Amino acid sequence: MEDGAQQLGHCMVDMKELNADPEGLTAAGAVLKSKRPQVEFILACNDLVASGSDRQPNALVQVAVIDPHKQHLISQTCTEIVEANKDPLFLTGVTFPSEYHASPETLVKLTVYDAKDKNQESSSFLGSATFSVGELLRAKDERLTLSLRSSDGACAAGAVVVSRLKMGEMQEVDVDHITTDIPSHKCPLVCESASPAGIDHENNPLTGPVFKNPICKVYRFQTEDNKWMLVREQMEECTLSFSVPKQLLSLYIQEDMSRVQDLRELGELSPHWDNLRKEVMTRYGGIISSYQETFAELDKITGRSFKPSCCKAQKSLEFIPINLHTQRMRVTCPKKTDAFYDIVTVGAPAAHFQGFKCGGLQRLLSRYEAEKKSFSTAYQCIYYSPQHTAEAQEVLSTMSLLQPLITSLADQLLQAAQEHSCPGLREALKNLSDKTEQFVHTLKDELVKSALLALHAARPGYVSKSQKQNPAQGGQHQGHVLQGSDQNPSPAQGLPGHSPATSITEDTAVCNNVDGSQSAARGEGGPLKHQDSIPHHKEYDEEEWDRVWANVAKCLNCVIAMVDKLLEEDSSKQEPVPEQQQQQLADVIISHNPGTWREQLCPLVTRLKECVMEVVEKARRGMTFVLLQEAACSIPQGFLLQQRRDVVFSQALAALACGFVMRLYAGMQDQGFLRQLHLVGLVAQFESLLSTYSEEIGMLEDMEVGISDLQRVLFQITEAQTDDFRDLQPLVCGRRDHFTVEVPLPRLVFQNLPVEIKEGKPLRVFPVLFNVGINEQQTIAERFGDISLQERINQRNFETLEAYYKSLSEKVPLECLPSFQTQADIKELLETLGQNVVTKKRKNVEILWTAGAICRRLNGIRFTSCKSAKDRTSMSVTLEQCALLRDEHRLSKDFFIRALDCMRSRLTQGDVGQWEDPEAGGPTDNKPASRHFYPIALLLVSSHLLVVWLILSLVFLLAKYQ
């Protein structure tokens with residue numbers, strides 16, 4: 001299957017249509033009300049004559065649409081091949097593309113071929129016929145029987161039957177000619193459904209604000225009770241493939257530029273630290289320049305909305321996910337409500353441009369952390385663990401959010417005081433107290449205190465306490481212990497980055513004096529060892545930071561006390577007072593009038609804001625110094641890893657945002673789903689088919705980290721300013737340690753959401769990844785290699801999925817979850833998955849099938865990935881779809897293989913507008929060709945063939961590098 005033409009898709013909800021009529025959705029998902037019938041038809045042939053009299057034809061029909069006014073070919077497609085049958089009935093139907101408005105005058109040409117083999121290397125023309133759309137609509141029962149004209153103009157080639165697909169009354173037709181191994185029986189030709197009629201592609205193009213370029217296919221398959229089900233597949237591209245990475249690049253640039261500015265504002269540093277700062281700023285400048293160039297290149301791209309696999313190693317597109325498409329299968333069964341099944345297909349999030357010679361992110365990060373201590377020694381820096389680096393980033397992020405919020409709430413308090421509003425004053429005080437207490441709690445951390453002390457030690461001319469007390473011993477060994485350290489332990493004790501097991505000899509000596517050659521003495525005791533880079537200094541007040549952040553709490557208490565006093569006075573004024581006491585009270589007020597409420601509160605509120613600003617400035621400098629040390633000992637490997645991580649995360653977030661929007665559109669009328677969404681969140685299950693062999697190991701290591709980083713993402717639903725598609729595009733905000741994706745909805749849709757969601761409650765997503773390699777490379781890995789990476793990923797993510805279900809079952813009634821025909825209990829499925837995860841079994845695809853079933857039952861978002869989201873992905877998705885038709889809609893066993901072949905056939909495209917190959921950039925050969933993919937079972941190479949393959953590969957490699 002080629003990029004961009006996976007043949008599978010989604011009937012996405014049109015947001016304009018939904019805004020106009022939000023009741024057009026059922027609780028099960030998107031079922032739009034049609035305004036006018038959609039022209040879709042199916043084909044059959046009678047009495048075909050093969051080129052050879054000793055055999056029956058392998059028939060297929062090529063369908064071409066001709067513009068009646070311009071007399072040129074608009075588009076073309078073809079059906080599947082029905083083998084050895086002179087009266088074939090084709091399961092693949094035909095639907096007009098949404099961008100083409102078929103008129104009654106539109107001509108359709110049908111050309112029948114005899115494919116002598118399934119690869120269609122050789123085929124012969126049998127006959128052709130032409131009709132107009134108007135003729136089909138005017139025909140009795142909307143059914144035409146057309147004689148096929150052979151090449152010599154005779155009419156002895158047989159006939160083709162065109163029947164319009166529609167919802168209507170049941171009709172009985174003889175279908176004993178469908179296949180040779182099915183007994184004669186009756187089946188309804190058209191499908192009667194409890195749902196509204198088919199989707200109106202003309203009035204509802206289904207492109208929406210996020211999804212575009214739909215490719216649709218339509219099939220009819222037989223059920224076990226000898227009736228027909230109608231199956232529609234629709235694949236669409238997603239505009240988020242480019243918009244999300246571009247927004248992320250802009251945020252990365254802003255964050256790094258802000259980091260550079262913070263480094264400049266650290267003030268004067270000793271020569272050693274100043275040189276490190278300059279080197280770090282130079283590195284940041286290189287990243288900023290590179291990201292700006294990439295952003296400029298992406299900004300030049302117009303029209304394209306997905307990245308084909310042939311561009312996966314292109315630097316300017318490295319942030320873009322590969323082949324990101326949304327896909328939906330909609331099933332219409334007799335007397336039943338329509339059902340649909342969604343999935344997102346995307347290439348594995350990985351840094352293809354940077355390559356996998358040294359492995360992927362998971363391996364590189366592990367190696368980097370192991371080597372980081374030696375880097376810190378070489379660069380004379382403090383070693384900070386990833387947890388403390390993340391904590392420093394979290395402190396900076398929290399301060400940037402809370403400081404302006406506290407200022408705003410303080411102004412609201414003054415405004416309420418000016419208005420003399422008691423309820424407003426209470427509400428403003430409550431909000432101000434909550435946010436200020438959160439602010440103080442964030443900064444009450446030893447990391448901030450120790451970082452400020454380390455920053456003080458990095459100033460020019462700093463001399464350690466030991467050097468002051470005993471200059472003659474300045475050159476002694478580093479094991480020297482400070483006198484009196486037991487009585488006055490250094491505030492650097494407990495410095496992050498060192499566990500209790502860290503020995504003194506492993507501590508890093510950091511020189512902060514002018515020549516960068518002296519080292520401080522070490523202290524004793526404490527649960528954590530302190531660094532030499534944070535010595536005592538008589539001019540530095542170690543308790544200063546405690547007093548600074550404590551002043552914020554004291555100022556808040558003063559504000560609270562004043563507000564309580566004002567409210568109490570106001571309450572006492574409203575109580576009935578005897579005349580004598582009223583006169584005394586009036587005399588007191590006249591003699592002493594402290595002023596209005598605002599005048600009394602203003603000095604206290606101003607002092608509170610000043611204290612908050614002072615704390616922010618000090619903490620920002622301290623945390624910036626922590627990040628400076630972390631960045632200094634990361635040069636150059638840490639910056640390269642950060643770039644790689646940015647690339648992988650960008651691809652993963654684009655896919656997740658696409659899946660979230662798609663699931664949200666489908667479930668906006670499902671109150672159980674919306675309740676689950678804001679109470680617990682959604683599970684996003686990524687199914688990976690990568691092998692644990694060669695470069696795909698690196699891809700899987702990249703993907704593991706990228707999917708794990710999605711835990712830092714939250715979603716928010718907002719009300720769009722207008723219903724214009726540009727205002728309905730999701731927006732990304734935040735920084736590397738925390739991102740929020742805002743999904744705007746039209747006003748009428750937004751008003752129907754639960755109150756919690758409308759108030760902006762952050763919505764969580766729980767990403768899980770399960771991987772099972774299925775190709776021949778995985779066979780080699782399982783026989784001769786190592787699959788521990790796959791086993792570890794599956795085990796870890798099973799635990800995450802199990803924890804999610806436990807949380808869901810505690811907060812949301814299970815009645816809110818969707819129901820399926822196969823009433824398998826989720827607990828039983830989880831037990832089965834847990835057993836399969838620990839079972840040593842080659843290519844255990846039951847892990848993927850069980851995880852997918854659990855995800856659907858949990859209202860989750862399904863993703864399927866392989867290297868490029870082509871062959872393996874398409875095979876997995878089509879197999880899953882046929883299994884769903886069999887298990888949930890009683891697809892006849894005799895039709896299972898035929899249904900699978902129809903879905904996997906490359907050019908049996910139901911949409912007559914999609915003969916062109918999007919990746920190739922132009923039309924394919926007009927020869928009626930159809931390529932079928934090998935089923936998964938054929939990928940299991942037998943042992944003797946494997947040995948032959950290995951020998952040939954070895955010979956090839958020797959010849960290549962000789």
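**Close-up 1. The ten-strand sheet, an open one with mixed pairing.** In this predicted model, an open sheet of 10 strands runs in the order E11-E12-E13-E14-E20-E15-E19-E16-E18-E17. Its edges are strand E11 (211-222) and strand E17 (731-735), each of which pairs on one side only. From strand to neighbouring strand, the sheet turns by 25° on average, direction ignored.

**Close-up 2. Where E14 meets E20 in the parallel sense.** Zoom in on strand E14 (residues 339-345) and strand E20 (residues 861-865), and you'll find two bridges holding the pairing. Look for Val344: its bridge partner in E20 is Phe863. Helix H21 (residues 846-857) packs on this sheet and touches E14, strand E15 (682-688), strand E19 (763-771) and E20. The direction of H21 makes about 160° with that of E15.

**Close-up 3. Helix H22 lying across six named strands of the sheet: E11, E12, E13, E14, E15 and E20.** H22 covers residues 871-889 and runs at about 165° to E14. Among the strands under H22 are strand E12 (228-238) and strand E13 (325-332).

**Close-up 4. A four-strand open sheet with antiparallel pairing.** Here the strand order is E3-E2-E5-E6. Strand E3 (73-78) and strand E6 (123-132) sit at the edges, each pairing on one side only. Neighbouring strands of this sheet are turned by 20° against each other on average, again ignoring direction. Strand E2 (residues 59-66) pairs with E3 in the antiparallel sense over five bridges. For a spot to start from, take Val65, whose bridge partner in E3 is Ser75.

**Close-up 5. Helices H3 and H4, packed at an angle of about 155°.** The axes of helix H3 (residues 240-264) and helix H4 (residues 271-300) are 9 Å apart. With that angle over 145 degrees, H3 counts as roughly antiparallel to H4. The crossing is left-handed. On the H3 side, the contact includes Phe242, Leu249, Ile253, Met257 and Val260, while the H4 side includes Val280, Tyr284, Ile288, Tyr291 and Phe295. Sorted by class, this contact has 15 nonpolar, three polar and six charged residues; Lys246, Asp256 and Arg259 of H3 and Arg277 of H4 are among its members.

**Close-up 6. The H3 crossing with H13, at roughly 130°.** The axes of H3 and helix H13 (residues 637-666) come within 9 Å. That angle makes H3 oblique to H13, and the crossing is right-handed. Leu240, Val244, Pro245, Leu248 and Tyr252 of H3 meet Asp646, Phe649, Ser650, Leu653, Ala654, Ala657, Cys658 and Val661 of H13. By class, the contact comes out as 11 nonpolar, one polar and one charged.

**Close-up 7. Helix H7 against helix H12, crossing at roughly 20°.** Helix H7 (residues 422-443) and helix H12 (residues 597-632) have axes that come within 12 Å. H7 is therefore roughly parallel to H12, and H7 passes H12 in a left-handed crossing. From H7, the contact uses Cys422, Leu425, Leu432, Thr436, Phe439 and Leu443; from H12, it uses Trp597, Leu601, Leu608, Val612, Val615, Val616 and Ala619. The tally is 12 nonpolar, one polar and no charged.

**Close-up 8. A salt bridge within H7, between Asp434 and Lys430.** The two side chains meet at 3.4 Å, N to O. Both residues lie in helix H7, four residues apart, about one turn of the helix. Side chains of opposite charge can pair when their charged atoms come close. The structure holds 35 salt bridges.

Note on methods
Residues numbered from 1 in each chain as written. Predicted model: local features only at pLDDT ≥ 70, side-chain atom pairs only at ≥ 80, totals over all residues. Heavy atoms only, no water. Pairing = 2+ DSSP bridges. Axes fitted to C-alpha atoms, helices over the stretch in contact; angles between N-to-C directions. Parallel < 35°, antiparallel > 145°, perpendicular 65-115°, else oblique. Left-handed = near helix turned anticlockwise from the far one by under 90°. Contact = heavy atoms within 4.5 Å. Nonpolar A, V, L, I, M, F, W, Y, C, P; charged D, E, K, R; others polar. Salt bridge = Lys/Arg side-chain N within 4 Å of Asp/Glu carboxyl O.
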